[in-house]
Amino acid sequence: MISDVPKTTGTLYIVPTPIGNLEDITLRSLRILKEVDVIAAEDTRHTKRLLNHFNIDTPLISYYREKELERSEEIIRRLQEGQNLALVSDAGTPCISDPGAIVVKLLQEKGLTVVPLPGPSALTTALSASGMTSSGFLFVGFLPAKKGQRRKILRSVSTSEYPVVLYESPHRIDSLLADALEVFGERQCFWARELTKNFEDLQYGTLSSLLKKCLDGRNRGEFVVIIWPGAKEEVQGQTVEELLVWYRDNSELSLKDVSRRLASDLGISRSQIYQQALSLWKEKD
């Protein structure tokens, strides 16, 4: 229960909401949504349906990505006046590939109280069903819509020793898998679609096999995609030039990334390595 003891400022509660099945909301989340003064929602229409289902009539204000900074100022003002607020996204945990991180950062800087509640998350739900045995994972979230930007990020994580976890929309899943296959080469992959809903779909295979399923069928609902690391290749070479040539011919890393890595590994100037790399890359072209 929210304390009745008067205090100077209010509390912002970060409240996860169901990613599909409404039974997944916690009792604590329902209580907080009933007791706060205002709920800041990514989409008030979407959240209103959830509130109606549980007979909750707490007032709503919108808090969507395009208005984050503006709405953050209002939330801060309300908290400073002593109001308690709940922050919700359309589904799952706010601030994880959803609006919310901006206001939370501002509140932390101002010393205002933020209380996170545990609850539904597409990320952890998918991971639990993937059979992943790694001690960690690399969460990237949604990639850019533009192909060049998307591939740039994929290249930057292509050598990760951990599984890479991505979110994707149904109308771009084929582009993501095609680009991942091009950048990573063939790898083991898992997707989780329509999690907790009637047509939940969990598929494990290779990038090429899941791309084929994707192209052959109708894709509905957002995807969580997990791509396993590739086989680790041993870098060949003794001198800086030999190492640069190996990376140039055997790696998807960019010239800048190679220079940065070798400078760190060898403890020498990055600018020096970059100039040598630039010359070798030009020779290949």
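**A tour from Ser-259 to the sheet**

Select Ser-259 first: its relative accessibility is 1%, so this residue counts as buried, the cut-off being under 20%. The model on the screen is a predicted one. Ser-259 belongs to helix H10, which runs over residues 255-266. Now show what lies around this serine. Leaving aside residues up to four places away in sequence, Ser-259 touches Arg-270, Ile-273, Tyr-274 and Ala-277.

**The whole protein**

Zoom out to the full chain. The protein has 11 helices and 10 strands. Its C-alpha trace spans about 70 × 45 × 30 Å along the principal axes. Of the 285 residues, 42% are buried. Among contacts with a separation of 6 or more, 68% are between residues 24 or more positions apart. The accessible surface comes to about 15500 Å², and carbon and sulfur atoms hold 48% of that surface.

**The open sheet**

Next, colour strands S1 to S5. In what order do the 5 strands of the open sheet lie? The order is S3-S2-S4-S1-S5, and the pairing is parallel. Select residues 60-62 for strand S3 and 113-116 for strand S5; these are the edge strands, each of which pairs on one side only. From one strand to the next, the twist averages 25 degrees.

Keep the sheet in view and add helix H1, residues 27-35. Helix H1 packs on the sheet, where this helix touches strand S1 (11-14) as well as S2, S4 and S5. The direction of H1 makes about 125 degrees with that of S4.

**Strand S4 and its partners**

Now select strand S4, residues 85-88, together with strand S2, residues 38-41. These two pair in the parallel sense over 4 bridges. Two of the residue pairs can be picked out by name: Val-38 has Leu-85 of S4 as its bridge partner, and Ala-41 has Val-88 of S4.

Add strand S1, which pairs with S4 in the parallel sense over 3 bridges. Here Tyr-13 stands opposite Ala-86 of S4.

Show the side chains of S4. Are Leu-85, Ala-86, Leu-87 and Val-88 buried or exposed? All are buried: Leu-85 and Leu-87 lie on one side, Ala-86 and Val-88 on the other, and both faces of the strand are covered.

**Helix H7**

Move on to helix H7, residues 173-184. Place a distance between the C-alpha atoms at its two ends: they are 16 Å apart, which agrees with the 16 Å that 12 residues should span at 1.5 Å a residue. The expected figure uses one less than the number of residues.

Which residues of H7 are buried? They are Ile-173, Leu-176, Leu-177, Asp-179, Ala-180, Val-183 and Phe-184. Look down the axis of H7: these residues cover an arc of only 165 degrees, so they are on the same side of the helix. An α-helix has 3.6 residues a turn, so residues three or four places apart point the same way.

To see what covers the buried residues of H7, select helix H6 (147-157), strand S7 (164-168), strand S8 (188-193), helix H8 (207-216) and strand S10 (223-227), all of which are included in that cover. The last stop is Gly-185, just after H7, where phi is positive at about 80 degrees.

Note on methods. Residues are numbered from 1 along each chain as its sequence is written. Side-chain values use heavy atoms; hydrogens and water are left out. Two strands pair if DSSP finds at least two bridges between them. Axes are lines fitted to C-alpha atoms, for helices over the stretch in contact, and angles run from 0 to 180 degrees between N-to-C directions. Contact means heavy atoms within 4.5 Å. Buried means under 20% relative accessible area, exposed over 50%, partly exposed in between (1.4 Å probe, protein chains only). The arc is that of the directions from the helix axis to the C-beta atoms. Accessible areas come from the Shrake-Rupley method with a 1.4 Å probe; for residues, only the protein chains shown count as cover.
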